[in-house]
Amino acid sequence: MLERKVDLPSARDNPLVQTMLLWIYAALLILSTKWVTQWDLDVGLVFFFTLLLPFFVMLKWPNQPAVLYIGLMVMLIGKWIYALTTDPLFGPDARGYFRQVTFYPQLDDFIRYATEHITTNWLNSSAYPVFGLMYMPFYKFLDLADPLVIITFNSFLLVLCCNMTYRLNDRFFTYELSEAGKRTYNAVMIIGLLASPALMYMSSVFGKDITCAFLGLLCTQLLLNRRYIWFIIILFYTTMLRDYSIVYILSFYFLFRRSFKAALLMLIAALGIVFWKVGLTGLLNSFMLTVFLFISPNPFKAFNWDMEFVMRTAEAVYMMISFGLSVTVFLRHKETRSFFAMCLILLFTFGCTLVLVGFVTVTERNLEYGVGTIGDNMVRKKVPVVPILYMMNAYTLAWLFRPKAAHSKKGEACHPRKGQISSLQRISEPAYGAVLDRSEASAQELVARDRSAAGALGARNALLPAQTVDSEMRR
């Protein structure tokens, strides 16, 4: 009997097996961190980031090892710097989040409080118990009460945010890019997100911003994959955590689906609400806040170049230069205009949203609202749309550093040193035209002569008697 050979997919190619391995390793990572940090916190943090390397490698990435190595090393160095120089409890919200860790001795006590609060207030729930549902189980499992532990939780989510952004682009990005341009796009985007000082800083403090960015990308992935039940569940929780989260979720969804009309309608609705609630001042501030998404912290203020802000301010300068290059690419290459127009519409919509958030904050405190009034820490509130900023940056550099063999304005093929190929052909036609004509004429005469000879032979054979033909065939 013949045995039938069955080729089973490898574990790396099987999504289910790969997901199970990731969950198993993540559980082992948390268990190992728990044992080491209870002995010594500093050693535990180093141990966590060491064990994070295999988890990083197990995720799905492009086949560009140098890119992944550079991005991960820069992120780890930046996290180390922020861990030494930054107070995790940087503001009143951070102190309020951490206060729950020490106030509730057991996780059951907090769960009862959070459940009662959420069922009573629903979408009007405070962010303290809602965000606590994410980090309190982590803290109570580790049995630690140090604010620095939040670095491990947020860094884990930061890696997932970078990976989810790449995977969404790998599957759903359909804007014009060559194969070489795609590699450049992935490289710049991955290194940019992993090395972003804004993301590194916000993942080193006790805040919900990295969690909001992660949940926004997760909702986008569920919506694009048509997992509607899970999408509604995660969206409900995300909305309680940040009530305008639907804006940046739809922004990512419209971007990957290339739904330009829907994005434009969302912008028009946002502008209408801003004008209705705030007036012309709000519209002007919306435009200013959209620009502020690229250049925040403001590099033109001297105190933003202090050691505490210098890396984030340098990132703002880089984004400002990148935006100028994007304008150049937009004007020179019409193929890129659909992508840049979509991104600007979505960022403008998010700017309108931040204006409404700031206006509510200012009016609740009975303060005066005017041109240039922000009303809240917009540097951290822009975190959910930072992936769009780095997608624009990557797309710009992919077009700037594309291969030299490109296309002219009329769509004709070009040679990198000799100009247009079609022009070379037109120049060469007069020099070789006569030779080509004579060769073609000679070939045509030979073909006609062969055809006439074959025709004469066929006619003669048709006129022969059957016996003559048979005798000739026998001979």
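What is the volume of the second largest pocket? About 980 Å³. I'll come back to that pocket in a minute, but one thing up front, everyone: what we have here is a predicted model.

Okay, the largest pocket. This one has a volume of about 1800 Å³, and 43 residues line it. If you want to find its centre on the screen, look for Thr 19, Trp 23, Leu 160, Phe 214 and Leu 218, which are the lining residues that lie nearest to it.

So who builds the wall? Helices α1 (15–39), α2 (41–58), α6 (127–142), α7 (150–172), α10 (209–224) and α11 (228–241) each put in at least two residues. The largest share is from α7, with 12 residues. As for the chemistry, that lining has 29 nonpolar residues, alongside 7 polar and 7 charged.

Right, back to the second largest pocket. Here we have 36 lining residues, and Lys 208, Val 357, Thr 361, Asp 376 and Lys 381 are the ones nearest the centre. Two or more residues apiece come from α4 (92–103), α6, α11, α13 (260–277), α16 (337–364) and α17 (378–381). You'll have heard α6 and α11 on my list for the largest pocket too. The largest share of this second lining belongs to α16, which gives 7 residues.

And by class? The second lining splits into 16 nonpolar, 9 polar and 11 charged residues. Put that beside the 29, 7 and 7 for the largest pocket, in that order.

That's my tour of the two pockets. Over to you.

Methods: Residues numbered from 1 in each chain as written. Predicted model: local features only at pLDDT ≥ 70, side-chain atom pairs only at ≥ 80, totals over all residues. Heavy atoms only, no water. 1 Å grid on protein atoms, 1.4 Å probe; cavity = no way out; pocket = protein on both sides within 12 Å on 5 of 7 lines; lining within 4 Å. Points joined across faces, edges and corners; volume = space filled by probe spheres on them. Helix = DSSP H or I, 4+ residues; strand = E, 2+ residues; numbered from the N terminus. Nonpolar A, V, L, I, M, F, W, Y, C, P; charged D, E, K, R; others polar.
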